[in-house]
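Good morning, colleagues. Today I should like to take you through one model and its bound ligands.

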Amino acid sequence: MEFFAKTSISSVKSDCLVVNISADKRLNETALIVDQATSGGLMRLVNSGDLTLKSGKTHWLCAPEKANYKRILLLCTGEKSTGMSETDLINCAQTIAKLLTGKAIKTAVWDLDGLNVAGRETEWICSQIAQQTQVSLYRYSETKKLESPPPALRKLTVHCRSSQELRAAKKGFEVGSNLGDGINFARMLGDLPANICTPSYLADHAKSLSTAHEKLKATILDEKKMERLNMGSLLSVAAGTEEPAKLIVMEYKGKTTKSPIVLVGKGITFDTGGISLKPGAAMDEMKYDMCGAASVFGAMKALVQMNAPVHVVAIVAATENMPSGRATKPGDVVKSMSGQTIEILNTDAEGRLVLCDALTYAERFKPKVVIDIATLTGACVIALGNHATGLYANDQALADALLNAGQNAHDKAWQMPLWDDYHKQLKSNFADVANIGGREAGSVTAACFLSRFAKNFKWAHLDIAGTAWKSGAAKGATGRPVGLLVNFVLEGASGL
Ligand code: BES
Ligand code: MN
Ligand code: ZN
C-alpha cells in the first residue's frame, strides 16, 4: 500500500474520489469540480436534505461521464466552525478505509480540505489516515482461506493546498503507514495458533527482521545460555514444556546512544497455567499470552522500517507454560538471576517469573528507561476493562510521557499505584518474595513483584491483559500497544 500527497489532483486517475462535505453545505474545491461535472447535481443532493450531514456519515455516488474517477464517496465532516474531534477524525479515517477496502477499488484520491482537528496538524491527520488504512487491510490468512477476496486497494493520494501541507502529509504517511505495518505484524503474531507461534518461531522472526534490516541485530539465547546466566525463575516456567524456551534480543541502532530504550515483552506462547491448571473455558485465548512480545516485535518493525533515529533494545522472554512430570509445583522455591529467591505459590502467575529475569538482563544495556509489556493479570481486565492499558512506573516523568504517548496514538493507558502498602501481600515464609499476592489488587501486586527487579533503572510496566485482543465473534489481536510504544520512542522519550 502506497500513500501519495499532491498539490494538484486534477490529472490523477482513480477508482474513487473521496469528497468531504461540511454541515454548512459550503463546497470545497474538489466538491465544486464534482458539482460542475454533474451540472449542479452535488449541490442539489446536499440541499435535498437526503444526506445526514453528521461527522462520519458517507454516501456513494456514481461518477459523471468522462471523469478521472469511477466513483464518488461523500464524507460528511460535521460542523466546519467547530472542527472535528480527534475521535471524529479517526472514525472518519476508519470508515473511509473500510469502505475503500471493501470494494474492488485499487486507487483513491482524497482532498484533505475539511479535515480539521483543533490542536492537530496535517502530519498527525495524515499519519492517522495511513495507519487506519493499513490496519483495515489486515486479513488473517495463515491457516484459513479468506471468505471474500482480499482488498484491492494499493494507492491513496491526498490533495494538499500548499507545499507546506504537502511536506507534513508525507511525513505523516511515513510514520502512520509503517506504524500500521507494525500493528498488523503484532496482530498476525498474536492471532497465530500456539502450535505454529512457538518460542522458536518468534526467534526466527527476530532473525528475519535482522536479515532484512542492516541496523537491526538479533541474538537468541537458548536454555543453556540462560542457565549460565542463572535465570532460574524464567527457566522454572519452561520446566514443564517440550518446546525450548528462548530469550530473544533485538538491538536497533538508528542512532547510537550510550543508553538505549529497552522494551521487554512477555512471550508466553501458550499459558495453560501449569500445575495450577486454568479452567477449560476460553483457554484457547491463552495463545494471546505472547501479545506483549508481539507488540515489541511490531514496534521494532515499525521503527526500523521508518528508519527512525533512535536506539532501542527489545528483549522477549519466550516459553510455553505447561503442566508435566517435570513442571514446577506450587511451593517450589527458585532463584532468580537477581539473586532473590521466589516462592512459586501459583504456577499460573508465570508472566512475572519470566519477566523478572528479563528485567535483570536488561541492566547490561545501561538503559535510559525499561518498559515491559505483558498480558499479566486477569485482575487488570476487571479494573480497566478493554479500554485502557494498566500503567505502572517507578518514575513519574516516564509515566507521564507514556500516558501522553497513549493519548497521541489513541492507544490509552491509565496509571495505577505502586505504593509500598501493597508489597506486604508478597511476603513469603520460605523465600525473599512470593509470586502471588492474593485476590485483592492482583494487577497492582503483580507490578509490585516486577518493581523489585527494576530498582536500578527507570522502569514502567504496561499490563495489556484487557487491551491486547478481543474475545467473542470479533476474536482477534488488536495490535495494542504498538501505537503507544512507537509514539513514545519517536517523541515522548526525548525529554527524559
Ligand atoms: N496470562 C494470564 C493473565 C490473563 C488472564 C490475561 C486472562 C488475560 C486474560 C496470567 O499468566 C495469569 O494467569 N495470571 C493469573 C495470576 C494469578 C494466578 C495471581 C490471573 O490473572 O488469574
Ligand atoms: Mn498464567
Ligand atoms: Zn500468562
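I shall speak about the two metal sites and then about ligand 1. Please bear in mind that this is a predicted model.

Let me begin with the metals. The manganese ion, ligand 2, and the zinc ion, ligand 3, are 3.1 Å apart, with Asp-271 bridging them.

Which protein atoms serve as donors to the manganese ion (ligand 2)? They are an OD atom of Asp-271, both the O and an OD atom of Asp-348, and an OE atom of Glu-350, at 2.1 to 2.2 Å from the metal. Along the sequence, these donor residues follow the spacing D-x76-D-x1-E. The manganese ion (ligand 2) has six donor atoms, with angles of 71 to 168 degrees among them, and its site is classed as irregular.

The zinc ion, ligand 3, takes its protein donors from Lys-266 (NZ), Asp-271 (OD), Asp-289 (OD) and Glu-350 (OE), at distances of 2.0 to 2.4 Å. Here the sequence spacing reads K-x4-D-x17-D-x60-E. Why is the arrangement around the zinc ion (ligand 3) octahedral? The reason lies in the angles: its six donor atoms subtend 78 to 176 degrees, and the arrangement is therefore octahedral.

I turn now to ligand 1. It sits in the second largest pocket and is surrounded by 16 residues, the closest being Lys-278, Asp-289, Asp-348, Glu-350 and Gly-378. By class, this shell comprises seven charged, five nonpolar and four polar residues.

Three polar contacts of ligand 1 deserve a mention. From the backbone, a polar atom of Gly-378 lies 2.7 Å from an oxygen atom of the ligand. From the side chains, an N or O atom of Lys-278 is 2.8 Å from an oxygen atom of ligand 1, and a polar atom of Asp-271 is 2.9 Å from an oxygen atom of ligand 1. As for burial, ligand 1 has 510 Å² of accessible area on its own, of which the protein covers 77%.

To close, I would return to Asp-271. This residue coordinates both the zinc ion (ligand 3) and the manganese ion (ligand 2), and its side chain also has a polar atom 2.9 Å from an oxygen atom of ligand 1. Thank you for your attention.

Key
Residues numbered from 1 in each chain as written. Chains lettered and ligands numbered in written order. Predicted model: local features only at pLDDT ≥ 70, side-chain atom pairs only at ≥ 80, totals over all residues. Heavy atoms only, no water. Near = heavy atom within 4 Å. Polar contact = N/O pair within 3.5 Å; in protein donor to acceptor, adjacent residues only side chain to side chain. Areas by Shrake-Rupley, 256 points an atom, 1.4 Å probe, with all protein chains shown as cover. 1 Å grid on protein atoms, 1.4 Å probe; cavity = no way out; pocket = protein on both sides within 12 Å on 5 of 7 lines; lining within 4 Å. Sits in = over half its atoms within 2 Å of the grid points. Nonpolar A, V, L, I, M, F, W, Y, C, P; charged D, E, K, R; others polar. Donors = N, O, S within 2.8 Å, 3.2 Å for Na, K, Ca; no water. Tetrahedral: all angles 85-135°; square planar, octahedral: opposite > 155°, others 65-115°.
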